[in-house]
Amino acid sequence: MSDSPGDLAAAWSEFNRRSSDAAMKLRAAGTAAVGCSLKSEVWRQDKVVLYRYLPLPFIQAARAKPVLICFALVNRPYILDLQPDRSLIRRLLAAGLEVYLIDWGRPDESDRDIELCDYIERYMGACVRHVLKSHGSGALNLIGVCQGGTFSLCYCALNPQHVANLVTMVTPVDFQTPDDLLSKWARHLDMDSIRRAGNIPGAMLTGLFLSLAPFRLMHQKYVGLLDHVLDADEAERFVRMEKWIFDSPDQVAAATAQFVQWFYQENRLIHGSVELGGRRVNLQRIRQPVLNIYAKQDHIVPPSAVTALRRYIGSRDYTEEAVDTGHIGLYVSRTAQGHVPGLIASWIRARA
Amino acid sequence: MESAGSQGQSGPEQAAFRAALERFGQLLRAILIEFPSSAGALIKDESVGQRLAVEFERWLREAASMPPWWQNLQMAQAFVQPPSQSGQPFNLGTALKMQAAPAPLAQNDFIQAYQRVSGLMARWSQLQAQLATHWSAIARTAGERFIARATSSSTALDLPTIRKLYDSWIECAEQAYAATVHTDDFCRTQAELVNVTTSLLLEQRRQVESFAPMFGVVTRSEVDALRREMKRMQTEPRPASGRRASKGSRRKVKAR
């Protein structure tokens, strides 16, 4: 910060100057849009929308089945297409893949009775059928991210004929590993009461995730901005990330209660006792190739929760990839951007 | 392209940014006041460390520095922080008693509701006190770890040094925090606090619901029942259309 050691009064002035400067630049960057790739809505039911991303010009289409991305309910999916140089989707398009994305939308109180079965079998199932019909294909490549990965595992176990290859990213499988703080906090919640109280406010979710490492995420991150003079691009990137972090949609009461109870409190996924629409989710039925990507420093979904997958699925073609970053870093960090999209694209192409 | 939440306006992320810088500014000010003659001089790390530990502990103990994640459930705060001057828990029934004639609820119901709320509030306060004990432990452990890290060497007290000390304290605080929040006792206390807060919220709603019909307002239960009925109609298989049904009945008539 200061180049004049010992001059604390000067340093104080400099702190003030840098604070004002950073605040001004962040304010100016406040109009930065999120989501950079062109897409069109191809299907919609209630608040759920299926988007197809338009192919990039001058890119030859890869000989591969279409890719469907299923993101989590707890955050907005535009993190996967944040800006041109931080976009998993754009890089998949650049590899010639056809990319679709399920956007769960922003539920309100009229959606409070939507259940997990609705999300996975009704909405996700309809999206898969739409993509398959559009391409005249029998199966697609499914990429599940975080909670969306858990949904993808459930869907794939119930409908294996529709999934050619499965990619899971930072996806919890064993919800009760010793280092899983979210799981410990959720263990004693009365989900029946919480369900009756209505949808969970999005701000509460944001607070929950920040509370996992509050000093780092609520204090140090911002003070670190003053270490050097921010340039406009950096300020825009920071603002986009911040907007995404604080942009959690409200969570549907019924589905959230089921998710917390079945997965976090009862760890049903690995015990084969999740039941959707009267059918049991048996991970052994997943026999297609699986690529399981996780972040080594993930504080939300610890690596142990992710790597458990290999023990429960029936696939013989299982690849595991660890990336030296955090949970959100896996979507947008420079390290991940330079590695993960290319890995996914080549893994899919090799199994076309 | 999508516009995210509070674009161009002052959102929660900007508030978080301001709060963090304000904290750091307070820290700097405290050092400036404590060691006014230290500009350019060498100060023992240990003494700065101790002073900062006090400052950090004060910061940690202030509830505002660490809003709990379940803060948003405190829509039930009408009970928890009674708006009335009397200090009695807020009770919509009592508040409306003057206007309501005749009273829509039996006296017995009022008493039961009051007892439920009082019991929940008492438990809520107990749990808050238990959680405060955990926070004290976090603050104390973070301070101890931080002081233990400070060496006895001397250093120039400039901004980069303070910044390093700040990072070091953040690390200590996160370690102390992690050690506490993973414990079974903390998890149970926090979960029960959420459960009690939720119960207060539900109790509040129950009371509001009991008065809604008086004002001709649709209740939450009625809306929920309507929504469930609509969902049932959407998901249940539709009966044969009227046209077909009538054709069928015509055929049956002819056959007779």
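Start by selecting Leu68 of chain A, then look across to S6(A): the bridge partner of Leu68(A) there is Tyr100(A). Keep in mind as you click around that this is a predicted model. Now widen the selection to strand S3, residues 67–70 of chain A, and strand S6, residues 99–103 of chain A. These two run parallel, and four bridges join them.

Next, show the whole sheet. It is an open sheet of eight strands with mixed pairing, and the order across chain A is S1-S2-S6-S3-S7-S8-S11-S12. Which strands sit at the edges? Select 39–45 for strand S1 and 318–323 for strand S12 of chain A; each of these pairs on one side only. Turn the view to look for the twist: on average, neighbouring strands of this sheet are turned by 20 degrees against each other, direction ignored.

Now bring in the helices. Select residues 116–135 of chain A to get helix H3, which lies across S1, strand S2 (48–53), S3, S6 and strand S7 (140–145) of chain A. Helix H3 runs at about 130 degrees to S1(A). Add residues 147–158 of chain A for helix H4, which also packs on the sheet and touches S3, S7 and strand S8 (163–169) of chain A. The direction of helix H4 makes about 140 degrees with that of S7(A).

Stay with H4(A) for a moment. How many of its twelve residues are buried? Eleven, so to speak of H4(A) as mostly covered is fair: a residue counts as buried when 20 or more other C-beta atoms lie within 10 Å of its own. Among the buried ones are Gln147(A), Thr150(A), Leu153(A) and Ala157(A). You can also check the length of this helix: at 1.5 Å a residue, its twelve residues should span 16 Å, and the end C-alpha atoms are 17 Å apart, which agrees.

With H3(A) and H4(A) both showing, look at where they meet. Their axes come within 10 Å and cross at roughly 75 degrees. That makes H3(A) roughly perpendicular to H4(A). To see the contact, select Tyr119(A), Ile120(A) and Met124(A) on H3(A), then Phe151(A), Cys154(A) and Tyr155(A) on H4(A). Sorted by class, this contact has six nonpolar residues, no polar ones and no charged ones.

Two loop residues in chain A come next. Most residues other than glycine have a negative phi. Select Phe58(A), in the loop between S2 and S3 of chain A, and you find a positive phi of about 65 degrees. Then go to Val170(A), in the loop between S8 and helix H5 (181–186) of chain A; its phi is positive too, near 35 degrees. Buried or exposed? Phe58(A) is exposed, because 5 other C-beta atoms lie within 10 Å, whereas Val170(A) is buried, because 29 do.

Finally, switch to chain B, which has nine helices and two strands. Along the sequence they follow the pattern α-β-α-α-α-α-β-α-α-α-α. Buried residues make up 23% of the 256 residues in chain B. One of the residues to visit is Phe56(B), in helix H2 (residues 45–61) of chain B. Phe56(B) counts as buried because it has 25 C-beta neighbours inside 10 Å. Leaving aside residues up to four places away in sequence, Phe56(B) touches Ala142(B), Gly143(B), Phe146(B) and Trp169(B). For a last distance check, pick Gln14(B): it lies 42 residues from Phe56(B) in sequence and 22 Å away in space, C-alpha to C-alpha.

Methods:
Residues are numbered from 1 along each chain as its sequence is written. Chains are lettered from A and ligands numbered from 1 in the order in which they are written. This is a predicted model: local features need pLDDT of at least 70, side-chain atom pairs count only at pLDDT 80 or more; totals for chains, interfaces and linings use all residues. Two strands pair if DSSP finds at least two bridges between them. Axes are lines fitted to C-alpha atoms, for helices over the stretch in contact, and angles run from 0 to 180 degrees between N-to-C directions. Two residues are in contact if their C-beta atoms, placed from the backbone, lie within 7 Å. The expected span of a helix is 1.5 Å times one less than its number of residues. Angles under 35 degrees count as roughly parallel, over 145 as roughly antiparallel, 65 to 115 as roughly perpendicular and the rest as oblique. Ala, Val, Leu, Ile, Met, Phe, Trp, Tyr, Cys and Pro count as nonpolar, Asp, Glu, Lys and Arg as charged, and the others, Gly among them, as polar.
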